[in-house]
Each structure stands twice: as structure tokens, then as C-alpha cells.
Amino acid sequence: QSPGLKTYYQDYFPIGVAVSPRALHSDEAKLIRQQFNSLTAENAMKMGPLHPSEDTYYWKDADSIVAFALRNGMRIRGHNLCWHNQAPRWFFTNSAGDTVSKAVLLQRLKAHITAVVSRYKGKIYAWDVVNEVISDKPEEFYRNSEFYRICGEEYIAKAFQYAHEADPDALLFYNDYNEIDPVKREKIYRLVKNLQAAGVPVHGLGLQAHWAINEPSESQLDSTLQRFSELGVQLQITELDISVYPKEHSARKARPADTATTLTREKEDRQAAVYRMCFALFRKYRDVITGVTFWNVSDRHSWLDNFPVRGRKDYPLLFDKNLLPKKAFREVVEF
Ligand code: XIL
């Protein structure tokens with residue numbers, strides 16, 4: 001029985017994992033306790049699951065994840081308060097089915113954020129307040145989401161303010177993906193800068209880190225971490241996984257050969273090398289990186305199974321289907 005990830009990294013940063021309530025009642029629970037000292041709800045704290053209708057909150061799953069973390073001395077990252085995905089239909093419409101006004105949307109956003117942050121005040125130390133509002137299209141700054149169409153950019157700053165009012169001690173993060181893309185990276189940088197300049201309480205930047213065996217390169221990741229560290233806020237790696245399929249930046253382009261359902265030796269070796277490179281850089285930026293969270297526990301189940309390619313199984317984590325450490329695990333802990 002080797003020490004857990006959290007022990008290897010105790011002088012660096014907490015090591016977290018995103019879970020479903022079900023994982024906490026399976027044999028994965030033991031592995032979670034051994035390896036990790038931070039917990040995130042994979043879905044249970046998102047707006048749709050948590051707030052299915054205006055007058056209903058469904059707390060059971062979120063509460064059970066919080067209780068597990070507290071019982072086991074783990075810290076908790078909240079994910080997330082405002083996102084265009086997994087947002088319930090009712091949030092944007094009135095009883096007649098028409099799109100609501102900006103005033104109504106902001107009032108609903110405030111009610112939602114206040115209720116959720118207050119419930120876990122003092123228990124959740126950091127929140128992903130706003131998730132994925134930057135566009136992937138080079139020519140577009142903000143994603144054209146329903147929030148954006150109704151409110152313009154104003155809801156972004158407001159979301160941080162509402163969260164700060166509900167728990168002034170919580171660390172508030174902006175969180176996004178494709179953060180290593182040079183164009184998107186600068187937009188993310190600009191967004192955080194603008195929020196800071198406007199006096200908005202933003203304390204951290206979350207890098208989702210949904211990466212793959214072909215990217216990022218070492219220099220790309222190094223320059224990304226360097227650039228973001230110039231913001232003067234803490235950085236957290238919030239949703240780390242390394243897909244064993246090369247990233248194609250378009251689901252349609254994924255080649256049929258990539259639907260093979262086994263983890264080949266070659267893939268596992270390449271993945272291990274990427275993990276090794278990433279953690280070496282995370283350690284290099286230890287002064288600014290204050291947490292690294294994996295998105296799921298083991299290759300038994302990952303959100304990348306069937307995504308972005310239907311019917312394709314992925315193996316993006318440090319533990320295999322039998323919950324045993326993979327080659328990538330050794331590469332991460334031997335330093
Ligand atoms: C994913 C979950 O893992 C899935 O179970 C769910 O079906 C969709 O959302 N970026 C995020 C996360 O910020 O919330 C997403 O989680 C993965 C991408």
C-alpha cells in the first residue's frame with residue numbers, strides 16, 4: 001500500500017476529485033479517502049440538478065457529498081453557480097413560456113447563488129462562480145449563451161458579487177476550458193483583468209485542463225501558466241484528465257481508428273509522459289497553483305466515455321478499471 005497522491009503532494013497543493021454521490025457508496029470510496037484531500041460534485045451542485053424549478057431545491061446529493069468530505073477531513077470546491085449548460089429551462093422563461101427580462105434573470109440568479117452559497121457557507125472554501133463564458137470562436141469574445149443574450153456581460157460581475165455577499169470568506173473562481181489555446185487564453189486573461197479593474201471580487205482562475213495525449217506541449221503549458229500567473233490571482237487545475245485520444249477540436253473529425261475500446265501500451269505510455277510533464281510544471285508553479293482536481297476517480301467511469309465520440313471508451317485517469325494505479329500514477333508521484 002503506497003501513500004496516496006495527497007501525501008506525495010502535501011507540500012505543494014491539495015489533490016481533489018470530482019464525484020457523483022454514487023461513487024461515495026461504492027468501492028471507489030476507499031480509494032477516494034486514500035488518495036484525495038479535496039472533493040468536488042461532478043454534477044450535484046449545478047443549477048439544473050440543484051434547482052429544478054423556481055421553488056424547489058434538491059439538496060440531497062449535494063449534501064451527501066459535503067457530508068462525506070467533512071467526515072473525511074477533505075476540503076470542498078463548489079462547482080458551479082452560473083453556467084450555460086445544465087441550466088434549467090425555467091430559469092430563462094416565464095409562465096407563458098416567453099423569455100424573461102434582464103431584471104428577472106438577475107433576480108433569479110441572485111436568489112439561486114444566495115441560496116446555494118449560504119447553505120454551504122464555511123464548508124465550501126472555493127466556488128467556480130462563472131463557468132465557460134468565453135467563446136471558442138477566435139472572432140467572438142463572449143459565448144452567445146442565453147444568459148448573454150438576455151443580460152449582456154453584466155451577469156458575470158453580478159454573479160461574483162452575489163456569491164461574495166453570501167460568503168465573504170469563500171474564494172471565487174472564474175473557470176474555463178481550451179485555456180491553452182493562445183487566442184482563448186488571452187480572452188480569459190482579459191476577462192479576469194477587466195473584472196479585477198472593475199473591483200469585482202474574483203480571487204482565482206480555474207483551468208479545467210481537459211487535455212489529451214497530443215496536447216498541451218510542454219512549452220504551451222509553461223507559457224499558459226506563466227501568462228495566467230501574471231494576473232496575480234491564484235490558479236487551480238479544476239477538471240484534469242488526459243484523454244488517450246488525440247484532441248481533434250471537432251467531434252466530427254475523430255477518426256474511426258480511435259474508437260478502439262482497449263487501452264494500448266503505446267497510449268498508456270504517451271499518457272503517462274503527458275501526466276509527468278503536467279505535474280512537473282504544476283510543481284514549478286507551486287507558488288500560484290493552489291489546487292489540482294481530477295475529473296472523476298478511475299477509468300471505470302469518466303465523463304469522456306461517449307464524449308465527444310459516441311460509443312468510445314476513454315481511459316483518462318490515474319487509476320484503472322480495477323482501481324489500481326496506472327503507469328501515469330507513478331510518473332506523477334516519482335519526483
Ligand atoms: C460534465 C459531467 O462530468 C457530466 O457528467 C455531465 O453530463 C456534463 O458535465 N466542464 C465542466 C464540467 O465545467 O461541469 C463538465 O462536467 C465537464 C466540462
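**Figure 1. The whole chain, with 11 helices and nine strands.** This is a predicted model. Along its principal axes, the C-alpha trace spans about 55 × 45 × 40 Å. The radius of gyration is 19 Å, which agrees with the value near 20 Å for a compact globule of 335 residues. Of the 335 residues, 43% count as buried. Among contacts with a separation of 6 or more, 75% join residues 24 or more positions apart.

**Figure 2. The residues around the ligand.** The shell consists of Glu42, Asn43, Asn131, Gln208, Glu239 and Trp303. By class, one residue is nonpolar, three are polar and two are charged. One of these residues, Glu239, is listed by UniProt under "active site" in an unreviewed entry.

**Figure 3. Glu239 in strand β8.** The strand covers residues 234–243. Is Glu239 buried or exposed? Glu239 counts as buried, because 24 C-beta neighbours lie inside 10 Å and the cut-off for buried is 20 or more. Beyond its neighbours within four places in sequence, Glu239 is in contact with Ala18, Gln208, Ala209, His210, Thr293 and Trp295. Gln208 also belongs to the residues around the ligand.

**Figure 4. The largest nonpolar core, with 93 residues.** Val19, Ile65, Trp127, Val129, Ala159 and Ala163 have the most contacts inside this core. Which helix gives the most to the core? Helix α7, residues 154–166, does so with seven residues. In soluble globular proteins, nonpolar side chains tend to be buried together. Ile65 shows its surroundings in this view: leaving aside neighbours within four places in sequence, Ile65 is in contact with Val19, Pro21, Leu24, Leu39, Ala41 and Ala44.

**Figure 5. Ser64 in helix α4.** The helix runs over residues 60–71. Ser64 is partly exposed, with 16 other C-beta atoms within 10 Å. Outside the four places on either side in sequence, Ser64 is in contact with Pro21 and Leu24. Pro21 and Leu24 are also among the contacts of Ile65. The C-alpha atoms of Ser64 and Ala41 are separated by 9.8 Å, and the two residues are 23 apart along the chain.

**Figure 6. Val17 in strand β1.** Strand β1 holds residues 15–19. Val17 is buried, with 26 other C-beta atoms within 10 Å. Its contacts, apart from neighbours within four places in sequence, are Ile32, Phe36, Leu39, Thr293, Phe294 and Val297. Val17 and Phe36 are 19 residues apart along the chain, yet their C-alpha atoms are separated by 6.7 Å. Thr293 is a contact of Glu239 as well.

**Figure 7. Cis peptide bonds at His79–Asn80 and Glu215–Pro216.** For the bond that joins His79 and Asn80, omega is about -15 degrees. Asn80 lies in strand β3, residues 75–82. From Glu215 to Pro216, omega is near 5 degrees. Pro216 sits in the loop between β7 (210–212) and α9 (218–229).

**Figure 8. Positive phi at Asn178 and Asn296.** Neither view shows a glycine: phi is near 55 degrees at Asn178 and near 105 degrees at Asn296. Asn178 is in the loop between β5 (171–176) and α8 (182–197). Asn178 is partly exposed, with 17 other C-beta atoms within 10 Å. Asn296 is in the loop between β9 (289–294) and α11 (327–333). Asn296 counts as buried, with 25 C-beta neighbours inside 10 Å.

Technical notes: Residues are numbered from 1 along each chain as its sequence is written. This is a predicted model: local features need pLDDT of at least 70, side-chain atom pairs count only at pLDDT 80 or more; totals for chains, interfaces and linings use all residues. A residue is near a molecule or strand if its C-beta atom, placed from the backbone, lies within 6 Å of it. Ala, Val, Leu, Ile, Met, Phe, Trp, Tyr, Cys and Pro count as nonpolar, Asp, Glu, Lys and Arg as charged, and the others, Gly among them, as polar. UniProt positions are given in the numbering used here, feature names are shortened, and annotations may be inferred rather than shown by experiment. Helices (H or I, at least four residues) and strands (E, at least two) are DSSP runs, numbered from the N terminus. A residue is buried if 20 or more other C-beta atoms lie within 10 Å of its own, exposed if 12 or fewer, and partly exposed in between; C-beta atoms are placed from the backbone. Two residues are in contact if their C-beta atoms, placed from the backbone, lie within 7 Å. A nonpolar core is a set of buried Ala, Val, Leu, Ile, Met, Phe, Trp, Tyr and Cys residues joined through C-beta atoms within 7 Å. The radius of gyration is taken over C-alpha atoms; the globule rule is 2.2 Å times the number of residues to the power 0.38.
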